[in-house]
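User: Please take a close look at one part of this model. I would like a connected account of how its helices pack.

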Amino acid sequence: MTHAPQYFGLVVRRSFIAFRAFSSLGRRYWRYISNSLWLISDRLLASLIGLLVVAVVARYLGPSEFGLLSYTFSTALLFAVVGQLGLDGLVIREIVNRPDDVPRVLGTVFVLKFSGHLLGAAGLVIYALSIDVHSTERAMLFLAAAFIPLASLSGFFGLWFHSRVQARYSAISSSISAALVGLGKLGLVWIGAAVMAFAAANVVQVLIAAILSFRFYRQQKGPPLSAWRFSPAMAKVLLSESWMLFLGSIFAIIYLKIDMIMLRWLAGPAEVGTYAVAATLSEAAYFVPAALVASVFPKLIESAKTDQDLFATQLQTVFDVLWLAGLGMIATMFLLGGPLIRFLFGTEYGPSVPVLLVHVLSAPFLFMRIAFTRWTIIGGGATFFMLTEGLGALTNVAFNFLLIPHYGSIGAALATLVSYATATYLTLAIPRRTRPIFVMMSRSAFMPWRAPKDFFNYVRRSAHA
């Protein structure tokens with residue numbers, strides 16, 4: 001008992017040190033924390049509204065028509081990748097590193113991306129005309145083609161906001177558009193509208209988001225459109241650097257969206273609907289890691305230029321947070337996924353429950369993939385990004401062909417899990433350049449055994465840096 005006062009004093013002192021360290025760390029990184037909170041709150045609101053609207057729409061349409069709607073816009077996203085060109089991360093980097101040349105950066109990237117999206121929309125129209133489907137499905141694909149360039153506009157202004165750590169403006173734009181169109185979709189259910197009307201509503205949503213994003217861009221004194229300049233020389237430099245990221249993006253969207261397209265042709269629209277409901281819940285919180293990484297990306301760029309040790313520490317912390325978020329997602333869906341599906345979507349979607357429990361196992365790998373992609377941009381690892389994405393796409397397509405004919409939507413979920421684990425984690429152990437990232441990810445997987453001491457030391461070092 002004589003040592004009790006000393007022990008109590010030690011606990012108080014350590015608690016005070018931790019509190020002071022957290023306070024100092026919070027002040028230093030409040031700009032990035034605030035930006036993350038805006039992104040997360042936006043996506044949280046949009047996800048909640050979207051989930052409720054999707055549940056009502058899915059109940060109303062039934063698995064077959066809801067599957068057709070999901071397939072249509074998955075196909076649109078597949079063709080829209082033509083406009084990505086691997087430039088999203090690069091434009092943020094260029095705006096951060098070249099603040100005096102922003103109009104030329106914006107003008108050049110806009111012309112490249114918008115031209116690519118127009119090309120993607122044209123490709124989708126050609127695809128719709130070339131397949132033998134019902135006129136309703138073809139008309140929905142035409143609407144999805146209009147979706148592509150409109151989504152490009154709102155996304156482009158969002159990149160400018162991200163580069164200035166002002167994500168709240170793109171967040172507000174997407175939240176307002178999601179809320180308005182969500183109400184509109186509920187109205188369509190009320191009046192008994194056909195599935196075509198819901199496809200049109202998706203197009204209206206991105207149109208509203210684009211208009212609002214442009215308005216906020218002007219309010220925040222973004223460089224006027226008249227000042228934008230297209231630079232062939234800059235375009236050549238950016239494309240020479242981004243072409244591998246572009247190929248990687250194509251591979252990425254293949255193994256993200258090809259499952260619904262292959263389900264459509266190998267198992268039918270009803271299986272797409274079953275899978276889409278499971279994927280909607282499994283991916284409900286994917287905005288959290290995306291928002292966190294997008295917000296700290298400018299800070300990682302600065303650290304990589306000035307202090308490689310600090311950069312490595314920060315990147316390890318990002319992987320740790322993403323791994324924990326993935327485990328949290330798995331635990332949540334295993335506990336609540338089944339009741340949520342039955343409550344929100346109805347017993348007609350009961351087959352979605354086992355699909356969800358398989359699909360959500362890929363969450364930790366997909367979350368960490370977001371950080372790995374940013375590392376390839378900062379560290380010039382575009383080759384590894386392309387190779388790992390290509391292997392993931394190949395694995396996904398191969399396993400879909402093998403599993404979907406026998407297991408339907410569960411087979412597609414298994415193929416997704418295998419492809420994510422392969423592309424994000426296992427392949428990184430092979431090249432020497434990516435082996436440190438493999439080690440970081442492995443350390444994150446064993447974080448419960450090392451986290452308390454490492455995290456406390458990191459907080460103290462960061463607070464006094």
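Analyst:
**Around α15 and α12**

Helix α15 contains Thr424. This is a predicted model. Thr424 is buried, and its relative accessible area is 1%. The cut-off for buried is under 20%.

What surrounds Thr424? Setting aside neighbours within four places in sequence, Thr424 touches Phe365, Met368, Arg369 and Met441. Phe365 also offers a polar partner. A polar atom of the Thr424 side chain lies 3.4 Å from the backbone oxygen of Phe365.

Next comes the helix packed against α15. The axes of α12 and α15 come within 8 Å and cross at roughly 5°. Angles under 35 degrees count as roughly parallel, so α12 is roughly parallel to α15. On the α12 side, the contact uses Pro354, Val355, Val358 and His359. On the α15 side, it uses Ser409, Ile410, Ala413, Leu414, Thr416 and Leu417. By class, this contact has 7 nonpolar residues, 3 polar residues and no charged ones.

How enclosed is α12 itself? Helix α12 spans residues 352–359, and 6 of its 8 residues are buried, so the rest of the structure largely encloses it. The buried residues are Ser352, Val353, Val355, Leu356, Val358 and His359. Of these, Val355, Val358 and His359 also take part in the contact with α15.

Which helices provide the cover? Among the elements covering the buried residues of α12 are α9 (269–282), α11 (308–344), α13 (363–379) and α15 (409–424). So the α15 helix that holds Thr424 is also one of the elements that cover α12.

Two of the covering helices, α9 and α11, also pack against each other. Their axes come within 10 Å and cross at roughly 135°. The pair is therefore oblique. The crossing of α9 past α11 is right-handed. From α9, the residues involved are Val277, Leu281 and Ser282. They meet Met329, Met333, Gly337, Leu340 and Ile341 of α11. This contact divides into 6 nonpolar and 2 polar residues, with no charged ones.

To put the two pairs side by side: α12 and α15 are roughly parallel, whereas α9 and α11 are oblique. Neither contact includes a charged residue: none is found between α12 and α15, and none between α9 and α11.

Notes:
Residues are numbered from 1 along each chain as its sequence is written. This is a predicted model: local features need pLDDT of at least 70, side-chain atom pairs count only at pLDDT 80 or more; totals for chains, interfaces and linings use all residues. Side-chain values use heavy atoms; hydrogens and water are left out. Buried means under 20% relative accessible area, exposed over 50%, partly exposed in between (1.4 Å probe, protein chains only). Helices (H or I, at least four residues) and strands (E, at least two) are DSSP runs, numbered from the N terminus. Contact means heavy atoms within 4.5 Å. Axes are lines fitted to C-alpha atoms, for helices over the stretch in contact, and angles run from 0 to 180 degrees between N-to-C directions. Angles under 35 degrees count as roughly parallel, over 145 as roughly antiparallel, 65 to 115 as roughly perpendicular and the rest as oblique. A crossing is left-handed if the near helix is turned anticlockwise from the far one by less than a right angle, and right-handed if clockwise. Ala, Val, Leu, Ile, Met, Phe, Trp, Tyr, Cys and Pro count as nonpolar, Asp, Glu, Lys and Arg as charged, and the others, Gly among them, as polar. A polar contact is a pair of N or O atoms within 3.5 Å; within protein, one must be able to donate a hydrogen and the other to accept it, and residues adjacent in sequence count only if both atoms are side-chain atoms.
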